[in-house]
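Reader: Hi! Could you walk me through this protein?
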Amino acid sequence: MGREPSTNGQARDDERPVSANDGPPALDPDEAAIYVDGLAKTFGSGEDAVTAVEDVSLAVAPGEVVGLLGPNGAGKTTTIKSVLGLILPDAGTVRVHGIDVHANPRAAYEYVDAMLEGARNDYWRLTVRENLRYFAAIRGQDPDAVADRHEELLDHLDLAAKADTAVRDLSRGMKQKVSLASVLAGDISVAFLDEPTLGLDIESSLKLRTELRRLAEERGLTLVISSHDMDVIEDVCDRVIIMNEGRVVVDDTVEDLLAGFETRGYRITARGGSETALADLEDRFDLTDVQHTGDRLRFEVAADTATFYRLTDAMEAHDLDVASVETVQPDLAEVFVEMTNGTADPGGTSEEDGSTTREAPANRSPASERGDRR
Ligand SMILES: Nc1ncnc2c1ncn2[C@@H]1O[C@H](COP(=O)(O)OP(=O)(O)OP(=O)(O)O)[C@@H](O)[C@H]1O
């Protein structure tokens, strides 16, 4: 989104490819599907006060697919629930397709829905098709009028064969897909999906990823996805927003994030050299995973191009023959861990099965009225 790199209070080295937001989002509030500017929310007061989000700004264009990541407690759910109108922020603007969510929640709700608690969203005694009809109906649509679209949805999500089966009789992976279908049944244009591929086998997960991309590209569906599975994020998302401690610390395309890290790592194997030579190199360069056995020295090094050439000069001066140099390809999980100061758990959900089971806030809108009625 062309923002200037910013540390946002994070300790980081100078080379880290970050573009997080300090300032208003780059998109026009009326053009963005999701527009959040200066969002802040503190729960409780006095000694018990917990600042969940602090000056969060982000924007998502129509049809864009964004991964929202962060460790537990980073503020993702608070941000999402603020966009859904389920939480009243202390400060900031939240718009969905230009509509101020808190000034006009009903109008904003026309566009947006979320799968935050997986299969818990659905009515387990109803069949798959009945769930779709129900969720379309509560969004004010005539289920008969949208039946063709529902059949297409069932088809694309490989649910057609189970359309007349009660949700409670389905496997966990199928329930997950029904949950997604129920969210999409109401013909919304913005969806928040928490762990959309949870419980799916590899083949179903890959198919679902393709389907999510298709929905974004062909139907212009705007998606914000949280997941522990970085492969899913890499496969499906155009852009990644990483939150930590209530702030956005990264907002960049997946491509640029990985490209920025790509030049930083080399795995070098060399022959010759002494312990003194190694000690000198370790002193002057950021070597990791060092293995020195007999005549063979192998290590990884984080280096920009200039540093890399200084290193190879130093190796030559120590009579070390470089046998091979490989670029160490980072993946999104590594980027995530580094950006959140070593915190693991990319999806940030807390339960073993990855579902979020926090109580819904008191300020409920229709989006929170479903769920857990089996
Ligand atoms: N209703 C609430 N009352 C008090 N504190 C809350 C409430 N909701 C969230 N918090 C706190 O705000 C902080 C941010 O929580 P939030 O749920 O937004 O983070 P998250 O990134 O979604 O985390 P997780 O991945 O664990 O769900 C946490 O410290 C959390 O304990």
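Author: Sure, here is a short chat about its make-up, one helix and one sheet. This is a predicted model: local features need pLDDT of at least 70, side-chain atom pairs count only at pLDDT 80 or more, and totals for chains, interfaces and linings use all residues. Residues are numbered from 1 along each chain as its sequence is written.

Reader: Cool! How many helices and strands are there in the protein?
Author: The protein has 11 helices and 14 strands. These are DSSP runs numbered from the N terminus, with at least four residues for helices (H or I) and at least two for strands (E).

Reader: And how is the protein divided into domains?
Author: Domain 1 covers 34-259 + 339-368, and domain 2 covers 265-327; the bounds come from an automatic or database domain assignment. Their C-alpha centres lie 46 Å apart.

Reader: Switching to helix H3, why is it largely enclosed?
Author: Because 7 of the 10 residues of H3 (residues 128-137) are buried. Buried means that 20 or more other C-beta atoms, placed from the backbone, lie within 10 Å of a residue's own. Among the buried ones are Leu 132 and Phe 135.

Reader: Nice. Now the open sheet: what is the order of its 4 strands?
Author: The order is E2-E1-E4-E5, with antiparallel pairing. Two strands pair if DSSP finds at least two bridges between them.

Reader: Which are the edge strands?
Author: Strand E2 (50-60) and strand E5 (99-100), as each pairs on one side only. E5 pairs with strand E4 (residues 91-96) over 2 bridges, and Arg 95 has Asp 100 in E5 as its bridge partner.

Notes
A residue is buried if 20 or more other C-beta atoms lie within 10 Å of its own, exposed if 12 or fewer, and partly exposed in between; C-beta atoms are placed from the backbone.
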